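Hi,

Here is the structure I said I would pass on. Have a look at it first, and my notes on what turned up are underneath.

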Amino acid sequence: MANQPAPVKFITLPPTCPDIRTGTSKDSIKKAFLENLFYVQGRSLENASNNDLYMALAYTVRDRLLLRWVNTLSHYQEEDVKVVFYLSAEYLPGPHLANNMLNLDIDASVRAAMAELDIDIDQLIDQEEEPGLGNGGLGRLAACFLDSLATLRRPAIGYGIRYEFGIFDQVINNGWQEEITDKWLRFGNPWEIARPEDTCRVGFGGRTEGYTDAAGNYRVRWLPDLMVSGVPYDTPIPGYHVNNVGLLRLWKAEAPESFDFHAFNVGDYYGAVEAKVVAENISKVLYPNDQAFKGKQLRLSQQYFFTACTLQDIIRMHLRRGKSIESLPDYWAGQLNDTHPAIAVAELMRLLLDRFEIPWETAWDITRRTFSYTNHTLLPEALEKWPVPLFEKELPRHLQIIFEINRRFLDTVRVRRPGDNQILARMSLIEETGPRYVRMANLAVIGSHAVNGVAAMHTRLVKASLFADFFNLNPDKFHNITNGVTPRRWIMSANPGLSNLIDGAIGHAWCTNLELLSHLEPLANDPAFQEKWRKVKLENKKNLAAYILDKTGVAVDPASLFDIQVKRIHEYKRQHLNVLHILTLYHRLKHNPGLDMVPRTFIFGGKAAPGYFMAKLIIKLINSVAEVINNDSDVNDRMKVVFIPNFNVQNGQRIYPAADLSEQISTAGKEASGTGNMKFSLNGALTIGTLDGANVEIREAVGSENFFLFGLTVDKVQRLFNGGYIPYSIYEKNQELRAVIDLLRDGFFSHGDLELFKPLCDHLMYSDEYFVLADYDAYLQCQERVGRTWLDPARWTRMAIINTARMGYFTSDRSIEEYCNIIWQVKPLDVDIHNLI
């Protein structure tokens with residue numbers, strides 16, 4: 001047990017200390033910037049590159065974070081506070097500079113300082129490399145949560161992996177997605193601080209052996225055959241206009257000994273660095289292709305690596321505070337962000353059993369009270385399971401522990417459900433049908449004291465189908481906490497024009513109390529306010545149009561209806577349903593050139609998983625359709641199609657404010673929540689969507705009259721599936737649908753290549769597991785309502801204002817309040833800053 005630590009002393013600046021590090025005036029920031037440029041970057045203004053200027057400014061802003069950050073961490077140590085440790089394989093924080101300037105309330109001073117130096121600060125903001133540490137909504141949600149935790153003054157640390165190469169950069173070549181290595185660290189990262197003194201060691205492979213301890217108890221020790229070091233890198237996450245600064249701690253994998261001098265001396269030059277290569281591969285890339293055995297092995301290694309480092313870290317901090325290991329759940333709340341970190345359950349049990357020699361029952365109670373689990377998907381591929389032989393090879397001790405957890409758990413199920421062998425098979429941690437697998441989602445549910453879904457409908461389906469047996473056994477364990485987004489990034493930073501308009505109308509307090517947006521509603525029918533609203537929207541659309549022209553070479557009309565679908569490319573998200581609507585309009589215009597049609601710009605963006613053929617084919621389809629339509633003078637004055645490459649947080653900040661129509665058209669029952677739908681609505685876009693994910697709650701909030709609803713419900717999808725859905729019959733009976741699919745089949749959009757889109761067409765006609773054809777007609781009818789509404793600008797603008805005004809519920813601040821009150825039991829912590837200049 002660690003000795004009682006000495007009291008932590010807060011940092012106090014001496015009265016004579018200049019404000020070069022902490023001052024927030026224009027002159028202080030300008031002086032600090034010039035000193036950082038000279039003494040850190042080694043450049044003068046005359047010979048500095050844009051990156052030099054960006055780095056100097058980033059260090060200047062970071063300096064103003066550090067005093068708050070160090071004091072926050074000191075409070076964590078000195079006070080008896082409970083801290084959230086958030087375990088997530090993904091984080092998509094987006095660019096830090098502009099957001100940190102906003103949260104520190106120094107945006108105006110920084111801009112004034114740069115203007116005096118004749119530096120375009122927006123160029124420096126664009127210079128920043130975005131950390132590509134996530135794939136989509138999961139990582140962005142985690143980042144929103146860290147922002148809200150700091151803003152709400154809740155003690156928290158986000159834990160993950162410092163991927164050397166993040167999510168790939170996407171380029172479009174001949175219409176196809178190509179993946180380019182995301183070298184986000186190539187110019188350095190000024191926001192992180194390495195903490196090698198807190199390095200952890202993690203084992204892999206090897207074997208276990210039993211022994212009897214001095215007290216006569218049977219014990220097991222694990223003898224790994226590979227050791228890897230985890231080096232933490234810390235990034236401060238400031239709250240909005242508060243002294244609290246959260247922490248994002250990311251682990252980098254290294255070899256304990258990176259160079260074998262003996263191997264080098266005998267000529268084995270590869271062997272001299274082999275350990276370094278093997279170790280560093282663990283944190284090399286986000287989500288390796290896991291189709292092959294080696295890919296599965298690496299992905300499992302990644303998940304264990306960062307959870308093992310994290311648990312060592314929080315236990316080390318806990319003991320340093322003079323606390324007993326038995327009190328861990330009283331001071332630490334661990335949140336499993338989806339199934340990726342579920343191995344933490346077995347790892348904490350291993351530490352408690354093998355290192356601290358705690359009895360099983362006590363260890364299990366500590367573990368379950370420490371962890372809670374958020375499920376983010378109903379899709380089978382996201383509910384990870386690992387082949388038992390792989391698991392045994394990589395983590396032999398953990399497999400033993402999982403077997404024992406399973407044995408004890410199934411014994412309790414037998415008592416509750418005697419004679420029901422089917423329920424035992426469904427609830428088991430081990431899948432026994434065919435090859436044996438470890439079910440990580442079941443481990444997360446069993447090893448946590450709370451489980452939550454992320455939207456009302458999603459949680460209902462979690463209880464009714466995904467984890468129905470677990471829910472029936474212990475219904476009080478399950479909760480709903482609907483996702484939310486931070487308004488600081490997604491309105492204030494992304495859409496300053498709208499933010500300023502709202503400030504002028506209702507004041508500034510809405511940014512930390514989003515329900516206050518409801519005060520906009522009385523202005524929804526005000527012609528003067530509507531005109532200001534439309535002016536802001538048009539300016540955003542002009543900015544996006546300029547970006548589209550620069551990146552794609554396509555000129556689009558900002559006065560047209562911007563119809564936007566940006567999200568990960570997946571069949572259940574149904575970008576191809578959107579394309580079928582575009583093809584239908586094109587077909588109509590070609591056969592009736594005089595057709596009265598609202599001019600539209602269809603904008604797509606999103607990445608497909610590198611190994612997901614059908615998703616990549618959909619990207620090719622979008623670009624092939626765009627090529628034809630944009631070059632057809634019969635129609636290109638009334639419709640354009642654009643695919644914006646490399647969709648990420650930075651591009652999202654350009655796109656969401658410019659949208660008129662938000663496409664949220666996933667198959668009902670497939671999307672857990674979605675947060676893009678919230679970002680669009682917050683920025684005044686109207687939604688066309690199904691009753692899926694958070695769409696249900698958004699429609700309830702904004703009113704059915706302000707939401708374009710279409711499509712099958714979850715129950716109707718299930719009935720159609722059970723009744724033997726035959727999509728070909730829809731193709732046969734719907735003449736217009738048949739005509740547009742035949743255009744694809746006949747090579748019209750593929751330069752006569754009959755094979756290119758055949759897999760997609762065949763899948764729609766003969767399988768269509770996501771019911772695209774079943775929803776086609778309803779989608780077209782709904783899009784016609786969209787067009788009619790657009791022709792009435794006053795009505796459209798009123799609906800847009802009401803959408804924004806009624807989105808107060810969908811803030812991540814509310815989500816975090818619910819987690820803190822319902823699941824974590826974490827209270828606010830006020831941080832005092834002494835002698836802050």
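Arg-153 comes out as partly exposed, because its relative accessibility is 28%. This is a predicted model, by the way, so read everything below in that light. What caught my eye about Arg-153 is its partner: its side chain meets that of Asp-830 in a salt bridge, at 2.8 Å from N to O. Arg-153 sits in the loop between helix H6 (137-151) and strand E2 (156-161), while Asp-830 is in the segment after H33, so the pair ties together parts that are 677 residues apart in sequence. Across the whole structure, the search gives 57 salt bridges.

That same segment after helix H33 (812-824) also holds Gln-825. Gln-825 has a positive phi, near 55°, and it is not a glycine. With 40% relative accessibility, Gln-825 counts as partly exposed.

Asp-338 is another non-glycine residue with a positive phi, near 75°. You'll find Asp-338 in the loop between strand E11 (332-337) and helix H11 (344-355). Is Asp-338 buried or exposed? It is buried, because its relative accessibility is 6%, and the cut-off for buried is under 20%.

Back to salt bridges, this time inside one helix. In helix H14 (residues 396-416), Arg-407 and Asp-411 are 4 residues apart, so about one helical turn separates them. They form a salt bridge, with their closest N and O atoms 3.5 Å apart. Asp-411 has a second partner in Arg-414, and there the closest N and O atoms are 2.9 Å apart. Asp-411 and Arg-414 are 3 residues apart in H14, which again means a separation of about one helical turn. There is also a network elsewhere: salt bridges with shared partners link Arg-195, Asp-198, Asp-234, Arg-249, Asp-313 and Arg-316. As for the H14 residues, Arg-407 is partly exposed at 42% relative accessible area, Asp-411 is partly exposed at 33%, and Arg-414 is partly exposed at 42% relative accessibility.

Now the sheet. It is an open one of 6 strands, with parallel pairing, and the order is E20-E19-E18-E21-E22-E23. Strand E20 (639-644) and strand E23 (708-709) are the edges, each pairing on one side only. Within the sheet, strand E21 (residues 661-664) and strand E22 (residues 686-689) run parallel and are joined by 4 bridges. One position to click on is Gln-664, which stands opposite Gly-689 in E22.

Two helices lie across strands of this sheet. Helix H21 (residues 527-552) crosses strand E18 (561-566), strand E19 (600-605) and E20, and runs at about 70° to E20. Helix H23 (residues 613-630) lies across E19 and E20, at about 145° to E20.

Helix H26 (residues 695-702) is worth a look too. Which of its residues are buried? They are Asn-695, Val-696, Glu-697, Ile-698 and Val-702. These buried residues pack against two of the sheet strands, E21 and E22, and also against helix H17 (456-466), strand E17 (478-480), helix H25 (676-682) and helix H32 (793-805). Just after H26 comes Gly-703, with a positive phi of about 100°.

For a single buried side chain, try His-581, which belongs to helix H22 (residues 575-591). Its relative accessibility is 3%, so His-581 counts as buried. Leaving aside residues up to four places away in sequence, His-581 touches Arg-600, Phe-602, Tyr-779, Leu-780 and Gln-783.

Last, the surface. Phe-38, Tyr-39 and Val-40 make up a nonpolar patch there, and together they have about 360 Å² of accessible area. Val-40 is placed in the loop between helix H1 (26-39) and helix H2 (50-78). Val-40 counts as partly exposed, because its relative accessibility is 44%.

If you only have time for a couple of views, I'd open the Arg-153 and Asp-830 salt bridge and then the buried residues of H26.

Cheers

Conventions: Residues are numbered from 1 along each chain as its sequence is written. This is a predicted model: local features need pLDDT of at least 70, side-chain atom pairs count only at pLDDT 80 or more; totals for chains, interfaces and linings use all residues. Side-chain values use heavy atoms; hydrogens and water are left out. Patches are made of residues with over 30% relative accessible area and no salt bridge: like charges are joined within 9 Å, nonpolar side chains (Val, Leu, Ile, Met, Phe, Trp, Tyr) within 5 Å. Accessible areas come from the Shrake-Rupley method with a 1.4 Å probe; for residues, only the protein chains shown count as cover. A salt bridge is a side-chain nitrogen of Lys or Arg within 4 Å of a carboxyl oxygen of Asp or Glu. Buried means under 20% relative accessible area, exposed over 50%, partly exposed in between (1.4 Å probe, protein chains only). Contact means heavy atoms within 4.5 Å. Two strands pair if DSSP finds at least two bridges between them. Axes are lines fitted to C-alpha atoms, for helices over the stretch in contact, and angles run from 0 to 180 degrees between N-to-C directions.
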